[in-house]
Structure formats: C-alpha cells, structure tokens
Amino acid sequence: MSYRLATWNVNSLKVRLPHLLDWLAQAQPDVMCLQETKTEDANFPLAAIQAAGYQAVFCGQKAYNGVAILARSALTEVAYGIPDFPDDPKRSIAATVGELRVVCLYAPNGQALGSDKYLYKLRWYEALAAWLKSELARRPRLAVLGDLNVAPEDRDVHNPKRWEGLIHVSEPERAAFRRLLELGFADAFRLFAQPEKEFSWWDYRLMAFQRGWGLRIDEILLSPELAAQCVACTIDKAPRARERPSDHAPVIAELG
DNA sequence: ATGGCGCGCGCAGCGCGA
C-alpha cells in the first residue's frame with residue numbers, strides 16, 4: 001500500500017484554509033499533518049475539509065498551538081498529547097491510518113537559549129523520545145511528522161554563522177533531535193540527494209523568502225520499516241510564494 | 001537580516017513565533 005504523507009505548519013488554519021484546500025487538491029496527500037491551527041475544536045472547519053474529501057482529527061486552542069491530522073481514509077485510535085507529560089498544550093496528536101501509525105507534532109519554539117521556554121523545549125523532547133521509543137516497539141509502521149523546531153545540521157541553515165547562539169540550532173536542541181534518530185527513525189528528507197539550501201521556513205521580515213534566508217525545521221521521521229519503503233521526500237515552496245502565506249512550506253514523503 | 005512580519009485577541013497594543 002503506497003501513501004503520500006505531508007506536514008504543514010499553517011500558522012492559523014482559519015486564515016490559511018483557502019491555501020490548504022488548494023494544496024490538498026493539487027498535492028493529493030493521503031495523510032496531512034497540520035500545526036499551529038490556532039483554532040478551538042468547536043471552530044474547526046470540518047465541513048470544508050470533508051467536502052475536500054478528507055476526514056480529520058484535531059485538538060486545538062485559541063491563539064496558540066493546535067494540531068490536526070487529515071486523511072482520505074478512516075482515522076482511528078486517536079491519542080492526544082504525550083503520555084506522562086501533562087503540560088503539553090495541544091502539540092501532539094496521533095492516529096492510525098490504514099497500516100500506518102501517524103504522529104503529528106508541534107515542538108515548542110524555545111524562544112531563546114537558557115530561557116524557561118528553552119528548558120521546556122528540552123524537557124518536551126526528552127518526554128517525546130521516551131514515548132516514541134515505546135511506540136516504535138509497539139508499532140513498526142510509525143511516521144512522525146511535524147514542525148520539530150530544530151534545524152538538525154548546519155546544512156539546514158541558510159547562514160550558520162548568522163544563527164550561532166540562536167534558537168533552533170543549539171547543540172542541546174540538535175542532540176535532542178539526534179536522540180530520535182538514535183531510536184531508529186530516519187529523517188526522510190536526508191534519505192535522498194537534495195538541492196543545497198532547501199528549507200521549510202522563512203521569516204516574514206526582510207523578504208527572507210525571496211532572499212533564501214531559511215531553515216529546515218519541519219521534518220518527517222520514519223521508522224525503519226517505513227524508511228525502507230520511502231521513495232521520495234520533498235519540500236513544496238510554492239505556497240510560501242503566495243499572497244498572505246504561512247511562513248512554513250509543506251514537506252511531503254512518498255511511501256512506495 | 002533581526003524594529004521592520006503576521007497571527008490572535010479585541011479594539012490598542014501586546015505576546016508570541018522563528
């Protein structure tokens with residue numbers, strides 16, 4: 001069974017709904033993970049998404065965070081948050097789609113090195129790794145998609161010198177990300193030859209997108225079984241070039 | 001490159017994101 005999996009931080013589902021519907025129609029993903037929906041569940045645009053041919057599970061809140069998984073087929077065994085990590089405001093949702101277990105994540109930003117939010121981000125990653133370790137043992141066909149808010153290596157940063165000492169690139173953050181790879185996950189993007197300077201996020205300011213000043217902070221992690229089945233992983237920059245875009249671009253993985 | 005954008009909230013300007 002082949003699947004097209006995608007993840008996109010939409011930075012407000014309400015504002016970005018037209019972009020999302022256009023992208024679903026054009027890209028035809030089987031599974032679509034969304035982050036930063038910033039939408040309470042009562043206001044989730046379920047009818048529009050169903051009309052586009054997708055089912056959805058979601059957990060959101062006002063103003064901040066919020067995640068959702070859309071799928072062309074049934075979503076079952078829905079799980080919210082990270083177990084044993086109760087202080088987890090709408091950053092994780094998981095569901096079974098066909099033969100796949102899908103986890104959709106919005107990692108904390110972390111704000112600045114040494115800040116309370118930074119320490120929270122590292123604690124969140126620690127809890128995530130512990131959870132995913134047990135999940136991987138139980139569910140060999142596991143895909144983890146999301147805005148992981150870490151640029152794993154210098155080649156994932158447009159100008160590593162400029163980013164020294166800043167959030168997303170610090171060694172503890174990168175170690176937290178590598179910990180997930182050590183569990184056995186593959187960073188799907190790096191399973192393939194890629195163009196240089198390929199990113200998934202660009203600042204809204206200073207025409208960063210036009211200048212190519214970006215980071216790769218949205219990732220698709222695949223369990224060994226799924227990695228062996230993966231035939232492509234790409235980033236679609238086209239939505240970032242539209243009017244009133246999200247600051248993130250969708251990432252797509254193809255399972256053959 | 002970092003004031004400079006864009007979002008939500010709520011009705012002015014702030015917190016937050018990355």
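Q: Before the DNA part, what counts as nonpolar, charged or polar here?
A: Ala, Val, Leu, Ile, Met, Phe, Trp, Tyr, Cys and Pro count as nonpolar, while Asp, Glu, Lys and Arg count as charged. The others, Gly among them, are polar. Keep in mind that this is a predicted model.

Q: OK, so how does the surface near DNA strand B divide?
A: Into 10 nonpolar, 7 polar and 10 charged residues.

Q: Which residues come nearest to DNA strand B?
A: S12, K62, A63, N109 and Y204, out of the 27 residues around the strand.

Q: Switching to helices. At what angle do α3 and α5 pack?
A: Helix α3, residues 116-138, and helix α5, residues 171-182, pack at about 10 degrees. Their axes are 9 Å apart.

Q: Roughly parallel or roughly antiparallel, then?
A: Roughly parallel, because angles under 35 degrees count that way.

Q: Which residues make the contact?
A: On α3, the residues are L122, Y125, A129 and L132. On α5, they are P172, A176, R179 and L180.

Q: And by class?
A: The contact of α3 with α5 has 7 nonpolar residues, no polar ones and 1 charged one.

Q: New topic: where is A52?
A: A52 is in the loop between α2 (46-51) and β3 (55-59).

Q: Why is A52 called partly exposed?
A: A52 has 18 other C-beta atoms within 10 Å. A residue is buried at 20 or more and exposed at 12 or fewer, so A52 falls in between.

Q: What is A52 in contact with?
A: Leaving aside neighbours within four places in sequence, A52 is in contact with L21, L24 and A25.

Q: What separates A52 from A6?
A: Their C-alpha atoms are separated by 16 Å, and the two residues are 46 residues apart along the chain.

Notes. Residues numbered from 1 in each chain as written. Chains lettered and ligands numbered in written order. Predicted model: local features only at pLDDT ≥ 70, side-chain atom pairs only at ≥ 80, totals over all residues. Axes fitted to C-alpha atoms, helices over the stretch in contact; angles between N-to-C directions. Helix = DSSP H or I, 4+ residues; strand = E, 2+ residues; numbered from the N terminus. Parallel < 35°, antiparallel > 145°, perpendicular 65-115°, else oblique. Contact = placed C-beta atoms within 7 Å. Near = placed C-beta within 6 Å.
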